[in-house]
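Got a model open and not sure how to read it? Let's go through it together, one feature at a time.

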Amino acid sequence: MIFLVIFGGLMLLLGAFYLVNSWQRYREWKSGTVIVVLSLIAVVYGAINLPYFKHNQQSQSASSSSQVVQASSFSNRLSGINGNSANTQNQQAAVLRQLQKGYSKLGTVEFKEDSNTYVVKPTDDNTVNAIKALVQDPSQASQIGWPNLTNSIKRNSAQVSKALGGDYSISIVNPDNTKQAVYTAKNGRTTYNIADQK
């Protein structure tokens with residue numbers, strides 16, 4: 001594409017001189033205008049398809065995804081839940097309701113009792129796209145604001161474990177494959193992060 005831009009730029013300069021010369025000498029402008037317009041189209045098309053410009057477009061879309069990921073970060077208070085509650089299932093259900101409320105902008109939350117894991121499935125379009133991009137290229141993690149979301153989940157997992165008095169995890173799954181976790185934190189510590197799989 002760089003050759004198209006260079007060639008189009010040269011044709012644009014020559015076409016502009018030809019147009020000016022034709023107009024001054026012969027009052028003829030049609031053929032010169034056609035050359036200038038075609039050259040301009042070639043330059044613009046070539047510039048848009050340059051790898052540098054495409055990379056910037058991907059970075060911009062990733063940064064717009066990061067705004068959603070950052071907006072999804074929050075700190076749950078887990079109010080009214082403590083180790084003195086009558087039964088563990090009631091506590092787990094109360095935590096689930098708190099997480100569902102807190103992560104409502106990000107996606108859905110369910111509790112897997114067999115592994116004591118609260119599973120977050122993203123449904124927000126920008127977050128879904130960001131995670132898809134992350135699955136394909138884990139090196140994009142910082143560009144899409146991944147550390148902000150994972151730090152929030154890590155803090156929340158510590159709060160959940162403290163509130164329930166046991167070992168509990170919070171996991172984000174790939175929206176396209178809910179059996180694949182992209183991040184998991186247990187008791188306030190990261191146990192799996194797809195961004196580390198570079």
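What follows is a short dialogue on the chain, a helix pair and two residues.

Q: Before anything else, what kind of model is this, and how many helices and strands does the protein chain have?
A: It's a predicted model. The protein chain has 6 helices and 5 strands. Going along the sequence, they come in the order α-α-α-α-β-β-α-α-β-β-β.

Q: What share of the protein chain's residues counts as buried?
A: Of its 198 residues, 36% count as buried. For contacts, take the pairs with a separation of 6 or more: 55% of those contacts in the protein chain are between residues 24 or more positions apart.

Q: How do I read two packed helices?
A: Two numbers describe such a pair: the angle between the axes and the distance between them. Here, try helix H1 (residues 2-26) and helix H2 (residues 30-48): their axes come within 8 Å and cross at roughly 160°.

Q: Are H1 and H2 roughly parallel or roughly antiparallel?
A: Angles over 145 degrees count as roughly antiparallel, so H1 and H2 are roughly antiparallel to each other. As for handedness, H1 passes H2 in a left-handed crossing.

Q: Which residues make the contact between H1 and H2?
A: On the H1 side, they include Leu4, Gly8, Met11, Leu12 and Leu19. On the H2 side, among them are Ile35, Val36, Ser39, Leu40 and Val43. Sorted by class, the contact of H1 with H2 has 14 nonpolar residues, 8 polar ones and no charged ones.

Q: Let's zoom in on Ser39. Is Ser39 buried or exposed?
A: Ser39 sits in helix H2. The cut-off for buried is under 20% relative accessible area, and Ser39 has 5%, so it is buried.

Q: What does Ser39 touch, beyond residues up to four places away in sequence?
A: Leaving those neighbours out, Ser39 touches Gly8, Met11 and Leu12.

Q: Now a strand residue. Where is Thr184, and is Thr184 buried or exposed?
A: Look in strand S4 (residues 177-186) for Thr184. Its relative accessibility is 13%, so Thr184 counts as buried too.

Q: Which side chain does Thr184 join in a polar contact?
A: That would be Ser171: the side chains of Thr184 and Ser171 are joined by a polar contact of 3.0 Å.

Q: What else does Thr184 touch?
A: Not counting residues up to four places away in sequence, Thr184 touches Ser169, Ile170 and Ser171, and also Arg189, Thr190, Thr191 and Tyr192.

Definitions and conventions: Residues are numbered from 1 along each chain as its sequence is written. This is a predicted model: local features need pLDDT of at least 70, side-chain atom pairs count only at pLDDT 80 or more; totals for chains, interfaces and linings use all residues. Side-chain values use heavy atoms; hydrogens and water are left out. Axes are lines fitted to C-alpha atoms, for helices over the stretch in contact, and angles run from 0 to 180 degrees between N-to-C directions. Helices (H or I, at least four residues) and strands (E, at least two) are DSSP runs, numbered from the N terminus. Angles under 35 degrees count as roughly parallel, over 145 as roughly antiparallel, 65 to 115 as roughly perpendicular and the rest as oblique. A crossing is left-handed if the near helix is turned anticlockwise from the far one by less than a right angle, and right-handed if clockwise. Contact means heavy atoms within 4.5 Å. Ala, Val, Leu, Ile, Met, Phe, Trp, Tyr, Cys and Pro count as nonpolar, Asp, Glu, Lys and Arg as charged, and the others, Gly among them, as polar. Buried means under 20% relative accessible area, exposed over 50%, partly exposed in between (1.4 Å probe, protein chains only). A polar contact is a pair of N or O atoms within 3.5 Å; within protein, one must be able to donate a hydrogen and the other to accept it, and residues adjacent in sequence count only if both atoms are side-chain atoms.
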